[in-house]
Each structure stands twice: as C-alpha cells, then as structure tokens.
Amino acid sequence: MVKDILNVEIGPDMGPRLDKALAAAVPEEAALSRSRLARLIAEGAVSREGTPITDQKAKVSAGEIYAIALEPPKAVETLAQDIPLEVLWEDADLIVVNKPAGMVTHPAPGTPEGTLVNALLHHFGGNLSGVGGQARPGIVHRIDKDTSGLLVVAKSDRAHHGLAAQFEAHTVHRHYLAVCHGIPDAADPRLHGTRGVSFEQGGILKIATQLARHKTDRQKQAVVANGGRHAVTRARVVEGFHGAAALIDCWLETGRTHQIRVHMSYAGHGLLGDPTYGGKRKLSEKAVGVDGAEAARSFPRQALHAATLGFIHPVTEEELSFEAPLPADMTTLIETLRGES
C-alpha cells in the first residue's frame, strides 16, 4: 500500500528528543498525538534523509526534516442531511453561514453525522470543493462545536485555494464577542507581570505566546515557554458587569486551535461556561445578583461568538464583510448580568 508522506521540519527550541520535537512540529490538522508518533517511530515510519529513526529519544537539531509515513485515510462516506442553515451569502464559489452552537463543523470519528458539512452537502446537492478531503470538503477554517457564528466555506477548488492563502497570510478579519470572568484592566499589576501579556493604546489587551498541545491532555491546548506555534490575540472591553464579568471584543492575528479560550484563561479572564479552560470560578451573587450568578453558573457552553468575518473574494476580488448578531443564549446571559431580567 502506498503511504502518504508528511515532511516535518524541526524548529528552534523544540527540544532535543525526536518524539517531543515532532509533537511540537507536526501541523495541528495532522492530528498526530505524541503517543501515536512514538508508535510510528518504533515502527520505522519516521526517517531522516531516507534512514529510519526508531529511537524516540534520538537527538534532533533545528532545521532537520523528518519524513513520516502515514496510512492513507480510510474512505468515509459523508452523508448529505437536510439540516437547516442560516445563509448570509452564497454564489458559485463560496457560501457564508452562521453556525449555531452545538453543531460540529465537519465529521469526525465520534460525530459522523449532524455536522455543518452534512448540511452543506444537502444544500449543494453534493457539490463542494474536494480540496479538504472527503470528510472535510470545502472547509477552509472552523470554529469549535460550542462556539456560534460565521464560517466561510468553499464551493470551488479555486475559491478553496484562494481563501486558504488568505487565512495563512492572516489577512482575514475575524472578531469574536465573548463574556469573560472579571474585567481586563491595564491598571492590573498581575497582568503586567504575566509573560506575553501587555496593553496597547486604547486599553487593548494583547496576548502573544506560544501554543502547543497540552502535555497530558492531548485534546487541550496550552501556553508553552518553548516550541509550539506563535499566537496573538487582542481584546477590548465592550461592557463591564458590576466588576465581575465583561463583554469583550476579541480579534485574532493568528488562528490556532482554541486560541481565544486558552489566551483569556492564561490571562486570568477565562470565558463563562467554558468547561475546558474556564476553571471553577463563580460570579458573586453580591456583584451580579442571584439571577446573574445562576445564569453564569448554568450557561451550557463557552460564551463565545464569531461575530464578524471579512475577506477578499478569492475569485471576484470583491471585499466582503459579514456580521452575525449575538445568539439568543448570549443575549439573555448579558441582559441577566446587567440586571435587566
């Protein structure tokens, strides 16, 4: 069987061991855990300059390129399903949708159905850009299952390549609205003492760190001192709620997995409802009232919404910009924190 070859270059400060360096260097979309990489090394599937390296503790150096031989993905039939979609724009090359919270972007082993891709295949009569592979046709970027908001999907290969290039160059404009614990404040000495955290003119919080998969929980991301991928998030406070929480506008200079959620948690302002990074903080009834505290405690997902999306149409070169209003659950949460309901 012909295997797919993934070439990986070792970057600076990725550690001296082969397994650890590869875990930091492989693209996120490859979905290769450190344990799987260790198995591949032991099986002789990792080589350098044509020579298999079977010792996971082998020393590596920055600039070295390792070839990882992978089994080709198994064919998976992605079903078209009649699932309602909120469409903001559609033409021959792309579609922009407002994804509801609770919907997975593309099929995965645990969620083969009910995803955005399943809905899109029905909407398009089965025609989507094939660049992303059968399980992820047309998908150029994604947002987490429990994050609501805007996504652009390619209908043609030309659009797919053009959009992918814009995301890679970080020229796509994306703003998210979120509700976080506490209020990020430039006068907070704790923030000034946190590595990678600073404030820019206008009280804009900037978080610039390296992100990598968590050492023990491979489903999570974590801020790391060495290795990983550079990630930059900016945020400004839109509205504060009695000093206990805030509605914030976040925008991305880079686009890493869980980036906003990880960065806000790292800065001590995790998102309300976030089961992975939000911690066990509770809002004080004294600050936001009984209803506000209960609304925050029971909010069923991370309070995060992809609110705006702007890019250059990859075919017509028209400048496009879209907005999606806050969904009902976040609107109710905010109103309750204000004391309006």
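**Notebook: cores and a pocket**

I started at I260, which touches Y176, T233, C250, L252 and L304, leaving aside residues up to four places away in sequence; contact here means heavy atoms within 4.5 Å. A note for newcomers: this is a predicted model, where local features need pLDDT of at least 70 and side-chain atom pairs count only at pLDDT 80 or more, while totals for chains, interfaces and linings use all residues. Residues are numbered from 1 along each chain as its sequence is written, and side-chain values use heavy atoms, without hydrogens and water.

Next I looked up the largest nonpolar core (buried Ala, Val, Leu, Ile, Met, Phe, Trp, Tyr and Cys residues joined through side-chain atoms within 4.5 Å; buried is under 20% relative accessible area with a 1.4 Å probe, protein chains only). Of its 31 residues, L116, Y176, I248, I260 and M264 touch the most other members. This core lies between domain 2 (86–169) and domain 3 (174–311 + 332–338), because both give residues to it; the domain bounds come from an automatic or database domain assignment.

Then I checked confidence, given as pLDDT from 0 to 100 for each residue. The protein chain averages 88, and 92% of the residues score at least 70. Over residues 131–135 pLDDT stays under 50, and the model has twelve contacts for them beyond four places in sequence.

My last stop was the lining of the second largest pocket. Helix α1 (18–25) and strand β10 (204–213) each supply at least two residues to it, and α1 gives the largest share, three residues; helices (H or I, at least four residues) and strands (E, at least two) are DSSP runs, numbered from the N terminus. As for the term, a pocket is an open set of points on a 1 Å grid over the protein atoms alone, where a 1.4 Å probe fits, with protein on both sides within 12 Å along at least five of seven lines, and lining residues have an atom within 4 Å of a point.

Notes:
pLDDT is the predictor's confidence in each residue, from 0 to 100. Buried means under 20% relative accessible area, exposed over 50%, partly exposed in between (1.4 Å probe, protein chains only).
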